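Student: I should like a close look at the aromatic ring pairs of this structure. Please treat them in one connected account, and then place them against their surroundings.

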Amino acid sequence: MSLLGIIGGSGLCDYPGLEITEKLTMDTPFGQPSAPISLGKLDGRQVAFLPRHGNNHSIAPHKINYRANVYALSQVGVTEILAVAAVGGITAAFGPGVLAVPDQLIDYTHGREQSFYSDDFRAEHHIDFTWPYAESIRQKILQVADNQRLSVVAAATYGAVQGPRLETAAEIRRMAQDGCDLVGMTGMPEAYLAREIGIDYATLAVVANWAAGIADGELSMEQISDTLNEGIDNVRSIIVGVTELQPI
């Protein structure tokens, strides 16, 4: 049986509409996850929900225990992860409010635990990551968006940065030259850990703002929050549609 795991990012620290049947406070060999895992039903289908930054968005991106989060989801039987991410837009097609399903990523993070096998490594733990997102769940997201007549950009390169600070204009220029369309702080090592443990993983990104130096003026957290709140409604709609593709 397949179980969909939803990892909520900025703007999705809780999930109204989720009929929670159980909250699991878990411990793992890698420590505790960001919050208890909520098991419940969304539109009649069983799902598992975990807020990446904790219940009150109190965990900074570079302090998230990504290994514990992904491991805990695997332990409750999650076979697919739909990860929601708030991002900045770098290239012209990715303005505020745009939804995107990236197909590639570039990792600029540092100092984060990247593997479940850091302390028990063998040659076979070199795992292919040519295509970092599972096409099966990417296509489910795109199919649902099309059915709901929601505009979603079907391919993009996500640049994962360290955070928690926002980027400089020069860093964004460099990322644009590298081929990044989006910038976010949580895409890695989350995506790779899911690959290591055998969970199909895809990101549904909502563009909250233009990245630094793209638009005139300073980035306003109030404006970012407003844009994010508007986009999250469409994100929730897509998630419900994806759950409807899951077996009951």
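Tutor: Phe30, Tyr71 and Phe116 are linked into a cluster by ring pairs. The model is a predicted one, and the count of aromatic pairs in it comes to five. One of them joins Phe30 and Tyr71: the ring centres are 5.5 Å apart and the planes stand at 70 degrees, an edge-to-face arrangement. Phe30 belongs to the loop between strand S2 (19–24) and S3, whereas Tyr71 belongs to helix H1, so this pair ties together parts that lie 41 residues apart in sequence. Tyr71 has a relative accessible area of 22% and is partly exposed, because the limit for a buried residue is under 20%.

A further pair is formed by Tyr133 and Tyr201. The centres of these two rings are 6.2 Å apart, and the planes meet at 20 degrees; the pair is therefore stacked, since the angle is under 30 degrees. Distant parts of the chain are linked here as well: Tyr133 is in the loop between strand S7 (104–107) and H2, Tyr201 is in strand S11, and 68 residues separate them. Tyr133 is buried, with a relative accessible area of 4%, and Tyr201 is also buried, at 3%.

Helix H2, which bounds the loop of Tyr133, covers residues 135–147. Its 13 residues reach 18 Å from the first C-alpha to the last, close to the 18 Å expected at 1.5 Å a residue. The buried residues of H2 are Ile137, Arg138, Lys140, Ile141, Leu142, Val144 and Ala145. An α-helix has 3.6 residues a turn, so residues three or four places apart point the same way. After H2 comes Arg149, which has a positive phi near 55 degrees.

The elements that carry Tyr71 and Tyr201 lead to the nonpolar interior. The largest nonpolar core contains 37 residues, and Ile37, Ala48, Leu73, Val78, Ile81 and Leu182 have the most contacts inside it. Helix H1 (66–75) and strand S11 (200–210) are among the elements that each supply at least two residues of this core; others include strand S3 (37–42), strand S4 (45–51) and helix H4 (190–197). Val78 illustrates the packing: beyond its neighbours within four places in sequence, Val78 is in contact with Leu3, Gly5, Ala48, Leu73 and Ile199. A second core, separate from this one, has 29 residues, including Tyr15, Val84, Val101 and Ile238. In soluble globular proteins, nonpolar side chains tend to be buried together.

Technical notes
Residues numbered from 1 in each chain as written. Predicted model: local features only at pLDDT ≥ 70, side-chain atom pairs only at ≥ 80, totals over all residues. Heavy atoms only, no water. Helix = DSSP H or I, 4+ residues; strand = E, 2+ residues; numbered from the N terminus. Expected span 1.5 Å × (residues − 1). Buried < 20%, exposed > 50% of the residue type's maximum accessible area, 1.4 Å probe, protein only. Core = buried A, V, L, I, M, F, W, Y, C linked by side-chain atoms within 4.5 Å. Contact = heavy atoms within 4.5 Å. Phe/Tyr/Trp six-rings, centres within 6.5 Å; stacked < 30°, edge-to-face > 60°.
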